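Student: I have a model open and would like to learn how to read it feature by feature. Could we go through it together?

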Amino acid sequence: MRKDVRILLVGEPKVGKTSLIMSLVSEEFPDEVPLRAEEITIPADVTPERVPTHIVDYSEAEQSDEQLYQEISKANVICIVYSVNNKKSIEKVTSHWIPLINDRTDKDSRVPLILVGNKSDLVEHSSMETILPIMNQYQDIETCVECSAKNLKNISELFYYAQKAVLHPTGPLYCPEEKELKPSCIKALTRIFKVSDLDNDGILNDNELNFFQKTCFNTPLAPQALEDVKNVVRRNMTDGVKDNGLTLKGFLFLHTLFIQRGRHETTWTVLRRFGYDDDLELTQEYLFPLLKIPPDCTTELNHNAYLFLQSVFDKHDKDRDCALSPEEVKDLFKVFPYMPWGPDVNNTVCTNDQGWITYQGYLSQWTLTTYLDVQRSLEYLGYLGYSIIYEQESQAAAITVTRNKRIDLQKKQTQRSVFRCNVLGARDSGKTGFLQAFLGKDLQRQRRIREDHKSLYAISTTYVYGQEKYLLLHEVMPDFDFLSEADLACDVVCLVYDINNPRSFEYCAKVYKQYFIDSKTPCVVIAAKSDLHEIRQHYSLSPQEFCRKHKLHPPQPFTCNTTEALNKDIYTRLTTMAMYPHMAQADLKNSTFWLRASVGATVCAVLGFAMYRALLKQR
């Protein structure tokens, strides 16, 4: 909402502009009226809308045309004052003042106008018959007020309506000619309805209506008041109430009714509570709340954020198959102005046999977005209404900023849940296969992936010592001379070579010696395509000798060309190394260390699946 309001009073000489201002300030009619009142500011605490208000007078005798034009350009609302007993001053409203104001304001951002009929104490009849056709002709006119500076009639109301015209304008919401809501208003209210429809059944039931009412107006509706609202809708339309709940059509009708009855502030209160500005766009402050991320810290979703995202998944998984079909994904993102996920997402996270994103894959994608681009994650949570539904100040409450990695190394323990593994290797060494195998896709399934749907990321969960963690694999493009800081910044490194290509290992050796030999980042060498015949590498040392010389773990054989279940042990090992980088390579080679980690992973995976099945039954 605006931080202040600037009201300009214009009109013919002697219509009482200055008297109106002085009567408002002193609460009595002035004995002597100057040619022009000085600009006054009414403090926020004495205005109904709690906004400072500046009132500016215009005098033809004291001001030039140029000064008038400047004031018009600065005004938020203009009151055109006429005298109800002076026909010439009424004619001048349309012949002079409205054209002059329109010439001096941008067509797309016209200031609202208020027609003010002063000196009502001098006549017994109303000027409204003359004024109504003018109001119908010019849609910039918000309202007309008849008042008397002498009798103090409607003076405070006049300035209240002027404030209201700025803070709760009709223009963006409603088209008077068509007598219906504008498309941008319908779009915003439709998103608000979908966010408030917590079970996604297309109806706001009593609980959802009360939650909505409490969210926007800090007070629930009494049962009788709820029934009264629904009865109003029932009387006016056939499909506004269904199963004793409010449909989208009924919801939009109510807001149309509020506006038609002059209660724009009700609709604006709702729109602003859900993050909209005066142009019915979500504000930058709402979508991108301030979040400080110190160097060497990462961003993760916290427990409440995962609970919220689970509830969003539940309400869109209509068939309860624990996966989102393309139609269900489309429905989930209807509250977004664009589709945030492309086809590459289906090759970034786990999918079912039909290629649909599973429950686990869905949470993994959110985890990935939060880790790589937290601002985008905040924006997405904003569209879904996280801060509103969870009654938080902003989406920033959903994010955990982890402590500096250096402190983790010093304390030899970490509280992080997401670990990044950069996968490097020469072209065609098997990096993509290594990423896709993590998602459970064997070579046969990988061959069906379209080139333009491929992803450089893969993320899923692993279990280390009974703890569920996310491992994020990032395939780094093999441009040896231009590895950026982002290519090198990670928790563990995978160096992949093709055992069937004699020139494949050389790239891994060079990258290790150039970038990682003195690094504290753990490295693992992957001997990919281990189902093929191993060929001697054209390098001074064999991969085994190289690893031995540099105290690395021996090359790990890996293949995704198998009809059997893919072995996931290597991913558990990578996560474990990322969690415990301080451990010496000797410890990592210790078979009992790996056995303990792997057994813990297997037990947790089984327990996790059992708990997941139990949760599904509840859902």
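Student: Is tyrosine 465 buried, exposed or partly exposed?

Tutor: Look at the relative accessibility and compare it with two cut-offs: under 20% is buried, over 50% is exposed, and the range in between is partly exposed. Tyrosine 465 has 30% relative accessibility, so it counts as partly exposed. Keep in mind that we are reading a predicted model.

Student: Where does tyrosine 465 sit, and what is phi there?

Tutor: Tyrosine 465 belongs to the loop between strand E16 (457-464) and E17. Its phi is near 50°, a positive value in a residue other than glycine.

Student: Which other residue has a positive phi although it is not a glycine?

Tutor: Lysine 551 is one of them, with a phi of about 55°. You will find lysine 551 in the loop between helix H22 (543-549) and strand E20 (556-558). Its relative accessibility is 60%, so lysine 551 counts as exposed.

Student: Let's go into the strand that follows tyrosine 465's loop. What can I read from histidine 474 in strand E17?

Tutor: Start with the location, then the accessibility, then the contacts. Strand E17 covers residues 467-475 and holds histidine 474. The relative accessible area of histidine 474 is 8%, so this residue is buried. For contacts, set aside the neighbours within four places in sequence; histidine 474 then touches Arg420, Cys421, Asn422, Val423, Leu456, Tyr457 and Asp487.

Student: How does leucine 495 read by that recipe?

Tutor: Leucine 495 is part of strand E18 (residues 492-498). With 1% relative accessibility, it counts as buried. Beyond four places in sequence, its contacts are Leu424, Cys508, Val511, Tyr512, Val524, Val525 and Ile526. You can also set sequence separation beside spatial separation: leucine 495 and tyrosine 507 are 12 residues apart in the chain, and their C-alpha atoms are 8.9 Å apart.

Student: And what about isoleucine 517, which lies in a loop?

Tutor: That loop runs between helix H21 (504-516) and strand E19 (523-528). Isoleucine 517 has a relative accessible area of 36%, so it is partly exposed. Outside the four-place window in sequence, it is in contact with Tyr512 and His550. For a long-range view, take leucine 167, which is 350 residues away along the chain from isoleucine 517; the two C-alpha atoms are separated by 63 Å.

Student: Now helices. How do I check the length of helix H8?

Tutor: Compare an expected span with the distance between the end C-alpha atoms. The expected span is 1.5 Å times one less than the number of residues. Helix H8 (residues 223-236) has 14 residues and should therefore span 20 Å; its end C-alpha atoms are 21 Å apart, which agrees.

Student: Which residues of H8 are buried, and which are exposed?

Tutor: Leu226, Lys230 and Val233 are buried in H8. They cover an arc of only 55° around the axis, so they sit on the same side of H8. Gln224 and Arg235 are exposed on the other side of H8. The buried residues of H8 pack against helix H7 (206-217), strand E9 (241-242), strand E10 (245-246) and helix H9 (248-260).

Student: What does helix H2 look like by that approach?

Tutor: In helix H2 (residues 65-74), the buried residues are Leu68, Tyr69, Glu71 and Ile72. Viewed down the axis of H2, they fall within an arc of 165°, so they line one face of the helix. Their cover includes strand E1 (5-11), strand E3 (53-57), strand E4 (77-83) and helix H3 (87-103).

Student: How should I use a database annotation, such as the EF-hand domain?

Tutor: Treat it as a label from a record, then look at the coordinates separately. An unreviewed UniProt entry places "domain: EF-hand" at residues 304-339. Over residues 304-339 the chain is 56% helix and 6% strand, with end C-alpha atoms 24 Å apart.

Student: Finally, what do the global numbers say about the protein?

Tutor: A compact globule of 619 residues would have a radius of gyration near 25 Å, but this protein has 34 Å. Its C-alpha atoms fill a box of roughly 105 × 55 × 45 Å along the principal axes. The secondary structure comes to 25 helices and 20 strands, and buried residues make up 52% of the 619 residues.

Conventions. Residues are numbered from 1 along each chain as its sequence is written. This is a predicted model: local features need pLDDT of at least 70, side-chain atom pairs count only at pLDDT 80 or more; totals for chains, interfaces and linings use all residues. Side-chain values use heavy atoms; hydrogens and water are left out. Helices (H or I, at least four residues) and strands (E, at least two) are DSSP runs, numbered from the N terminus. Buried means under 20% relative accessible area, exposed over 50%, partly exposed in between (1.4 Å probe, protein chains only). The arc is that of the directions from the helix axis to the C-beta atoms. Contact means heavy atoms within 4.5 Å. UniProt positions are given in the numbering used here, feature names are shortened, and annotations may be inferred rather than shown by experiment. The radius of gyration is taken over C-alpha atoms; the globule rule is 2.2 Å times the number of residues to the power 0.38.
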